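Trainee: I am new to this structure and would like to take a careful look at a single part of it. Could you take me through that part slowly, once I have the model before me?

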Amino acid sequence: MQEFDNYYDGNENDQPKIIHEERYIPYVTYALAGLNIIVFILELMKGDPMDPKFMLKMGGACTPYILGKGEWYRMISSMFLHYGFKHFFFNMIALVAIGRYIEIYFGRVKYFILYMVSGLMGNLVFLFSDLLLSPGGYTVSAGASGAISGLFGALLVLAIDKNTKHLFPLPRVIFGILLLIIPGIGNSTINVAAHIGGAICGIVIGFLYYYLSKRNNKQTTY
């Protein structure tokens, strides 16, 4: 990927400004990755992260426990759990690789909101799909994939912004989003519902941020 030389930062009352990547440290991205690392180490210390029963005990998302027992904390806790090293490793690579650019573009607070809400929406779509498609055979879901899918969805904004589209060609971004979804279709080990929900949420929030920023910028020019 080309150097991320300069681009829009959503801070400073949503006024556009040019910043340089080498001067910007994506603290939120690193903090999220660090939290995931800590949780994964705890998983390894306490049991087998490949065991659904253990993951349920650790806070994995499971429809009967969330809707039936009211354990809504699982909607968040499951976002920081991972089924084994491979699942954890590739999610963290994606988080750091993509997250830092989204954080630079939108700013730390908006980025954190986008990440968390995308993860929650991914889990919400998972709950509904589990109710409709798996009655009586509920699964235990875990992973940051819904939130990370939201980051990929938000990349569409960078792909159309004239200041950043040369770094994020639209066909590549669309291809990346499809890669998140298509391999999971028909694969019971991949929570494709969370991927779809997270990606759609990221697209909506990303373009909402973009629209509001553009509107605010136009208002300040009069």
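Trainee: In what order do the elements of the chain run from the N terminus on, and, with that as a starting point, which residues of the largest nonpolar core touch the most other members?

Mentor: Please keep in mind throughout that this is a predicted model. From the N terminus on, the elements of the chain follow the order β-α-β-α-α-α-α-α-α-α-α-α, which comes to ten helices and two strands. The chain has 222 residues, and buried residues make up 48% of them. Among the contacts in the chain with a separation of 6 or more, 74% join residues that are 24 or more positions apart.

Let us turn to the part you asked about. The largest nonpolar core has 48 residues, and those that touch the most other members are Leu-95, Ile-102, Phe-106, Tyr-115, Leu-151, Leu-155 and Leu-158. At least two residues of this core come from each of the helices H2 (27-46), H3 (52-58), H6 (84-106), H7 (108-133), H8 (145-160), H9 (170-181) and H10 (192-220). The largest share, ten residues, is supplied by H8. As a general background, nonpolar side chains in soluble globular proteins tend to be buried together.

Since H8 gives this core its largest share, it is a good helix to examine next. H8 has 16 residues, and the distance from its first C-alpha to its last is 24 Å, close to the 22 Å expected at 1.5 Å a residue. Of those 16 residues, 15 are buried, so H8 is largely enclosed by the rest of the structure.

One of the helices packed against H8 is H7, and the two meet at an angle of about 125°, with their axes 7 Å apart. With angles of this kind, H7 and H8 are therefore oblique to each other, and H7 passes H8 in a right-handed crossing. On the H7 side the contact is made by Tyr-111, Leu-114, Tyr-115, Ser-118 and Gly-119, while H8 brings Gly-146, Ala-147, Ile-148, Gly-150, Leu-151 and Ala-154 to it.

H7 itself has 26 residues, which should span 38 Å at 1.5 Å a residue, and this agrees with the 37 Å between its end C-alpha atoms. The buried residues of H7 include Lys-110, Tyr-111, Leu-114 and Tyr-115, and also Gly-119, Phe-126 and Leu-127.

H7 also packs against H6, at an angle of about 130° and with the axes 7 Å apart. H6 and H7 are therefore oblique to each other, and their crossing is right-handed. Here Leu-95, Gly-99, Ile-102, Glu-103 and Phe-106 in H6 meet Arg-108, Lys-110, Tyr-111, Leu-114 and Tyr-115 in H7. In the loop between H6 and H7 you will find Gly-107, which counts as buried because its relative accessibility is 0%. Although Gly-107 and Val-28 are 79 residues apart along the chain, their C-alpha atoms are separated by 9.6 Å.

Tyr-115 deserves a closer look, as it is one of the residues of the core that touch the most other members. Leaving aside its neighbours within four places in sequence, Tyr-115 is in contact with Leu-32, Asn-36, Met-79, Leu-95, Ala-144, Ala-147, Ile-148 and Leu-151. Apart from the largest core lies another core, of five residues, including Ala-61, Ile-66, Met-75 and Leu-127.

Leu-127 also leads us to Cys-62, for the C-alpha atoms of these two residues are separated by 7.8 Å while they stand 65 residues apart along the chain. Cys-62 is placed in the loop between H3 and helix H4 (63-68), and is buried, with a relative accessible area of 5%. Beyond its neighbours within four places in sequence, Cys-62 is in contact with Leu-56, Tyr-138, Thr-139 and Val-140.

Finally, consider Tyr-209, which is found in helix H10 and is buried, with a relative accessible area of 11%. Setting aside neighbours within four places in sequence, Tyr-209 is in contact with Phe-106, Lys-110, Ile-113 and Leu-114. From C-alpha to C-alpha, Tyr-209 and Ala-154 are 9.7 Å apart in space, while they are 55 residues apart in sequence.

Key. Residues are numbered from 1 along each chain as its sequence is written. This is a predicted model: local features need pLDDT of at least 70, side-chain atom pairs count only at pLDDT 80 or more; totals for chains, interfaces and linings use all residues. Side-chain values use heavy atoms; hydrogens and water are left out. A nonpolar core is a set of buried Ala, Val, Leu, Ile, Met, Phe, Trp, Tyr and Cys residues joined through side-chain atoms within 4.5 Å. Buried means under 20% relative accessible area, exposed over 50%, partly exposed in between (1.4 Å probe, protein chains only). Helices (H or I, at least four residues) and strands (E, at least two) are DSSP runs, numbered from the N terminus. Contact means heavy atoms within 4.5 Å. The expected span of a helix is 1.5 Å times one less than its number of residues. Axes are lines fitted to C-alpha atoms, for helices over the stretch in contact, and angles run from 0 to 180 degrees between N-to-C directions. Angles under 35 degrees count as roughly parallel, over 145 as roughly antiparallel, 65 to 115 as roughly perpendicular and the rest as oblique. A crossing is left-handed if the near helix is turned anticlockwise from the far one by less than a right angle, and right-handed if clockwise.
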